[in-house]
Amino acid sequence: MTSQAKIKLEANSIPPPKKKRGRKRTKKRYFTEDTEAAIAEYLASTNQDERDRIFNGRIYYALYKLAENLIHTFKFYYTEVDNLEDLKHEVMCFLLEKLDYFDPTKGSKAFSYFSIVGKNYLILYNNNNYKKKKITTDVMAADEDHGVIHQLGRDDRKKDLKDFIDYFTEYIDKHMFTLFKKDKDRRVCDAVNILFKRRENLEIFNKKALYIYIREITNVDTPVITKVTKHLKKLYHKLFEEYRKNGYIKI
């Protein structure tokens, strides 16, 4: 967290500005350069005691906050556990399992890797619990009681289109870092891919609302969103032709 330099006013010069009410909020970074370095040190070490020390002292908090932010940012609230702290613990355990799969030598940032891995886990977890809820609870009662979001045309969707989109999202997950070199482009791509994965539980129906949603969760300007979505649209049509011809996509 960077501290703002205090400007010293010389005597009898410009009068100090009036103080604004309230406390100025500063955004504290939880996943820092030291976290990235600590993960690299953790992976390079073969000593379990040293690994435990690095994880507990320099990695744990960052992954905990990442899990917390993923749950609240994307509203993954369909859970089998009693409270969200238990869900954070489950996500933490999953991220710890995936820690050894991260390769810092490939040039990607640990934050990007674990954000995508964590989101994918929560999407699958959330969707599975949502389906269980729809099966075991009266549909209208569940919608009214918990605000269960509408599933877009699930009765009218053709199975082949559903299968294709599943292939498409898997393809994007695997090739995102080669399709888009800039971090802000990857953030938009990942957000769009999440919307595809959560299409059955989506309450946003128009293009403008989708753009606003993507902009809010990525903090990226609209021109960047437009550029990335155009690229994904071309890829979508290309892969759909491959799917229609072969019945699958080469991932």
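## A walk through an all-helix chain

Let's start at one ring: Y121 is partly exposed, with a relative accessible area of 21%. This is a predicted model, so keep that in mind as we go. Y121 pairs with F94, and the two ring centres are 4.4 Å apart with planes at 20°, so this pair is stacked. F94 belongs to helix α3 (residues 84–98) and Y121 to helix α4 (residues 110–136), so the pair ties together parts that are 27 residues apart in sequence. On its side of the stack, F94 counts as buried, at 18% relative accessibility. The cut-off for buried is under 20%, which is why F94 at 18% falls on one side and Y121 at 21% on the other.

Now step back to the whole chain. What is it built from, helices or strands? There are 9 helices and 0 strands, so reading from the N terminus you simply pass one α element after another. Of the 251 residues in the chain, 37% are buried. If you take the contacts with a separation of 6 or more, 68% of them join residues 24 or more positions apart.

Next, the inside. The largest nonpolar core has 32 residues, and those touching the most other members are F31, I39, I59, L63, L95 and F114. Helices α1 (33–44), α2 (48–73), α3 and α4 are the elements that each give two or more residues to this core. Helix α2 provides the largest share, 10 residues. To get a feel for the packing, click on F31: leaving aside neighbours within four places in sequence, F31 is in contact with E36, I39, A62, L63, L66, A110 and F111. Apart from this core lies another one, of 25 residues, and its members include F168, F180, A191 and V220.

Back to the aromatics. The whole structure holds 19 aromatic pairs. Take F55 and Y60: their ring centres are 6.2 Å apart and their planes meet at 75°, so the pair is edge-to-face. F55 is buried, at 10% relative accessible area, while Y60 is partly exposed at 39%. Some rings also have a charge for company. The charged end of R51 sits over the ring of Y42, 4.3 Å from its centre, and K98 lies over the face of Y101, 5.1 Å from the ring centre. Elsewhere, F164, Y167, F168, F196, Y236, F240 and Y243 gather into one aromatic cluster.

That cluster brings us to helix α9 (residues 222–246). Helix α9 has 25 residues and reaches 35 Å from its first C-alpha to its last, close to the 36 Å expected at 1.5 Å a residue. Which residues of α9 are buried? They are V224, I225, V228, L232, L235, Y236, L239 and Y243, and Y236 and Y243 are also in the aromatic cluster. After α9 comes G247, which has a positive phi, near 85°.

One last stop is a polar residue on the inside. N193 sits in helix α7 (residues 183–197). Is N193 buried or exposed? N193 counts as buried, at 2% relative accessibility. Not counting residues up to four places away in sequence, N193 touches T169, I172 and D173. With D173 there is also a polar contact, side chain to side chain, at 3.2 Å.

Key
Residues numbered from 1 in each chain as written. Predicted model: local features only at pLDDT ≥ 70, side-chain atom pairs only at ≥ 80, totals over all residues. Heavy atoms only, no water. Helix = DSSP H or I, 4+ residues; strand = E, 2+ residues; numbered from the N terminus. Expected span 1.5 Å × (residues − 1). Buried < 20%, exposed > 50% of the residue type's maximum accessible area, 1.4 Å probe, protein only. Polar contact = N/O pair within 3.5 Å; in protein donor to acceptor, adjacent residues only side chain to side chain. Contact = heavy atoms within 4.5 Å. Phe/Tyr/Trp six-rings, centres within 6.5 Å; stacked < 30°, edge-to-face > 60°. Lys NZ or Arg CZ within 6 Å of the ring centre and 35° of its normal. Core = buried A, V, L, I, M, F, W, Y, C linked by side-chain atoms within 4.5 Å.
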